[in-house]
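Colleague: Could we go through the ligand sites and the open spaces in this model together?

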Amino acid sequence: MNPLNHVAIIMDGNGRWGLKYKKSRNAGHKEGLKTVEKIIKQTIKHKIKFLTLYAFSTENWRRPKKEINYLFNLLENFLINRIDELHKQNIKLKIIGVKNFSSKLNKLLNLSERKTDKNRLLQINLALNYGSKYELVNAFKKLQKNKNKITEKNLTKYLQTKNIPDPDLLIRTGNTHRLSNFLLWQLAYAEIFFEKKLWPEFNEKDYNKIIKKFKNIKRNFGKI
Ligand code: IPE
Ligand code: IPE
Ligand code: MG
C-alpha cells in the first residue's frame, strides 16, 4: 500500500455547477466552499499531512471583475469565520502564490498564516494567485542572483513549496484533463486522477474511492 502524505486538488467546475442549478456562476463558488470543508475533514480522517488546494490561478485574473470580487469576498469571509476553528483543530494554513490582493485581504492572509504556523495535524496550502511558470522563473532568478549552482535541490529551495514534500496524488474535478499551470515541477511523479463530477458535487465517498485506488497503484519511480 502506498503511503499518502500529500494530496493536491484542482477544484474545478464551480461555475458550471452554479449555472446548471442556480443560474449563477457565483452560486457555484459558494457551494464549492462546502466541498472544501468536507474534504478537509476527510483528509484529517485519512491522516494525510499536506493538502494543497488550487483556489485562484495567475490566469484567473482574466475573469470578469464581478466574479473575481465575489471569489475574494468569499475567501475573506471564510477566513474571518473559520480561522479560529481551523487553528483549534491544529491545522496550519500556508498561502502559495503572490499575495498582491487588497491590503485588508493581504493582512488577513498573513495573520492567518502566522496564527496557525506552529500547528502540526494538517498543513493546508492554499494556492492563490498561483502560477507554476511564474514560480519557476522566479526561482531561477533567485539562483542567478545568489550565484547558486543550478541543481534540483537548489531550485527547490526557491519554490514556494520549499519544505513541502511533492504531492503523491493530484485530483482534478470538473471533467477537464489539464494542469492549468499548477505545480508543474512538483507534480513530476504524482498519480493523477481526473474526476467527472463538478467540484460542488464531489463528496467524501468520491474522495475515499480515489484514495483507495491510489493506495493500490504500483508506483515505479523509474524502477520495474
Ligand atoms: C472553480 O471552478 C475554479 C476557480 C477558479 C475558483 P471554475 O470557476 O473554473 O468553474 P468552471 O470550470 O467554469 O465550471
Ligand atoms: C484552474 O481552473 C484554476 C483553479 C481551479 C483555481 P480553471 O477553470 O481556471 O482552469 P482553465 O482556465 O479552465 O484551464
Ligand atoms: Mg474551470
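Colleague: Which strand gives the largest share of the shell around ligand 2?
Modeller: Strand β2, residues 50-57, does so with three residues. Helices (H or I, at least four residues) and strands (E, at least two) are DSSP runs numbered from the N terminus. This is a predicted model, in which local features need pLDDT of at least 70, side-chain atom pairs count only at pLDDT 80 or more, and totals for chains, interfaces and linings use all residues. Residues are numbered from 1 along each chain as its sequence is written, chains are lettered from A and ligands numbered from 1 in the order in which they are written, and side-chain values use heavy atoms, with hydrogens and water left out.

Colleague: Which residues are around ligand 2?
Modeller: They are Ile 10, Met 11, Asp 12, Tyr 54, Ala 55, Phe 56, Asn 60, Arg 63, Arg 172, Arg 178 and Ser 180. A residue counts as near if one of its heavy atoms lies within 4 Å of the molecule. By class, this shell has five nonpolar, two polar and four charged residues. Here Ala, Val, Leu, Ile, Met, Phe, Trp, Tyr, Cys and Pro count as nonpolar, Asp, Glu, Lys and Arg as charged, and the others, Gly among them, as polar.

Colleague: And what lies 2.6 Å from an oxygen atom of ligand 2?
Modeller: That is an N or O atom in the side chain of Ser 180. A polar side-chain atom of Arg 178 is 2.7 Å from a ligand 2 oxygen, and for the side chain of Arg 172 the distance from an N or O atom to such an oxygen is 3.3 Å. The cut-off for these pairs of N or O atoms is 3.5 Å.

Colleague: How much of ligand 2 does the protein bury?
Modeller: Ligand 2 exposes 390 Å² when taken alone, and the protein buries 79% of that. The areas come from the Shrake-Rupley method with a 1.4 Å probe.

Colleague: Turning to ligand 1, which residues come nearest?
Modeller: Of 13 residues around ligand 1, the nearest are Asp 12, Gly 15, Arg 16, Arg 25 and Arg 63. Oxygen atoms of ligand 1 lie 2.7 Å from a side-chain N or O atom of Arg 63 and 2.9 Å from one of Arg 25. Asn 14 contributes through its backbone, with an N or O atom 3.2 Å from a ligand 1 oxygen. Alone, ligand 1 exposes 380 Å², of which the protein buries 87%.

Colleague: Which helix supplies the largest share there?
Modeller: Helix α1 does, with three residues of the shell. The shell has three nonpolar, five polar and five charged residues.

Colleague: Where do the two ligands sit?
Modeller: Ligand 1 sits in the largest pocket, and ligand 2 sits there too. Sitting there requires more than half of a molecule's atoms to lie within 2 Å of the pocket's grid points. On a 1 Å grid over the protein atoms alone, a pocket is an open set of points with protein on both sides within 12 Å along at least five of seven lines, a cavity is a set where a 1.4 Å probe fits but cannot get out, and lining residues have an atom within 4 Å of a point.

Colleague: What is the volume of the largest pocket?
Modeller: About 830 Å³, taken as the space filled by probe spheres set on grid points joined across faces, edges and corners. Its lining has 37 residues, with Met 11, Asn 14, Tyr 54, Ala 55 and Phe 56 nearest the centre. Helix α3 gives the largest share, seven residues.

Colleague: How many cavities of 30 Å³ or more are there?
Modeller: The search finds one, with a volume of about 40 Å³. Its lining includes His 6, Thr 52 and Gln 186, and has no charged residues.

Methods: A polar contact is a pair of N or O atoms within 3.5 Å; within protein, one must be able to donate a hydrogen and the other to accept it, and residues adjacent in sequence count only if both atoms are side-chain atoms.
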